[in-house]
Amino acid sequence: MASASASSSAPTPTLPSVRGVDALLVLSVALVIAASVRAIWFTPVDAMLGAAQKIFYLHVPAAIAGLYIACGLLAIASIMYLWIKDERLDRLAESAAEVGLLFMGIVLVTGPIWARTSWGTWWVWEPRITSTLFLWLLVLGYLVLRGAVESPENRARLSAVMGSLAALLVPFIHLTVKLFRGLHPQPVVIKPEKPSMSGEMLSTFGMASIAFILLFFALLRLRYRWATLRDARAALENA
Amino acid sequence: MSMPIMMLLAAAQDTVAYVTKPSGPPDSSGYMWAGYAVTALAYGGYIALMLRRIARSNRGQ
């Protein structure tokens with residue numbers, strides 16, 4: 001991973017104090033465990049798909065956090081960086097990309113496990129799955145690019161361009177189930193009609209979504225604070 | 001004759017997805033546990049990685 005972000009006019013650097021475990025992380029992990037316990041033991045089994053349908057409570061919240069929130073933050077921070085050149089935006093984009101990669105990875109792994117039982121195959125090259133894999137590879141490329149460019153200014157500028165372009169795939173991925181005929185199901189919760197789930201399933205999904213989004217922000221905060229500490233240490237060594 | 005053999009082969013390949021039951025959905029709980037285990041490992045591993053990175057940075061390595 002990269003060693004420092006773009007800044008040449010930093011004041012006298014001081015090392016920030018960073019604690020690994022904080023209240024937000026503990027709370028979010030506890031909520032994720034509680035949501036998982038509720039999903040596994042206290043939510044009805046789907047009549048058609050069986051227990052494997054409960055992967056829905058991991059898969060969809062991870063997709064909301066990884067695709068929409070992480071890639072949205074990556075795009076906004078990247079575009080803002082190109083405009084105002086603030087190193088904090090570069091760090092935010094970098095952190096959103098890495099944590100988003102983790103969440104999208106979970107989407108891409110839990111999806112095939114669920115697909116094996118409902119479609120009878122692990123993988124199908126259909127539009128939504130394939131475009132999500134492409135986005136994951138683009139974000140991975142973004143992080144590899146950051147590690148390959150030595151100059152902090154060049155690294156921040158080039159990765160901001162790549163980050164803002166990569167995130168353009170997200171609206172396309174969202175629309176794939178409408179634009180193309182594929183195996184991936186249509187939305188079951190957020191749609192013009194009533195959600196196609198029972199009240200118990202819907203409340204478990206709501207709880208899991210809040211838990212995973214909170215975990216995303218806890219990990220993002222942790223990653224950002226580490227990047228700040230890393231950059232401050234690099235600035236101190238270069239001073 | 002060939003159909004039962006195919007069913008047996010399919011069942012040997014995957015005992016969860018293909019074995020039919022008299023009523024209700026197939027028992028796919030193994031897949032559910034696999035999904036939750038992979039997710040727990042991924043998040044646990046990333047949190048451990050972040051704690052290690054922060055500890056190393058705090059120590060000045």
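Let me begin with helix 3 of chain A, residues 87-118, where 32 residues at 1.5 Å a residue should span 46 Å, and the end C-alpha atoms are indeed 46 Å apart, which agrees; the expected span here is 1.5 Å times one less than the number of residues, and helices are DSSP runs of H or I of at least four residues, numbered from the N terminus. I should say at once that this is a predicted model, in which local features need pLDDT of at least 70 and side-chain atom pairs count only at pLDDT 80 or more, while totals for chains, interfaces and linings use all residues. Residues are numbered from 1 along each chain as its sequence is written, and chains are lettered from A in the order in which they are written.

Of the 32 residues of helix 3 of chain A, 25 are buried, so this helix is largely enclosed by the rest of the structure; buried means that 20 or more other C-beta atoms, placed from the backbone, lie within 10 Å of the residue's own, and exposed means 12 or fewer. After helix 3 of chain A comes A:G120, with a positive phi near 80°.

Turning to helix 1 of chain A, its buried residues are A:L25, A:S28, A:V32, A:A35, A:S36 and A:A39. They cover an arc of only 100° around the axis, which puts them on the same side of helix 1 of chain A, the arc being that of the directions from the helix axis to the C-beta atoms. The face turned away from that buried side carries exposed residues, including A:I33 and A:W41.

Notes. Helices (H or I, at least four residues) and strands (E, at least two) are DSSP runs, numbered from the N terminus.
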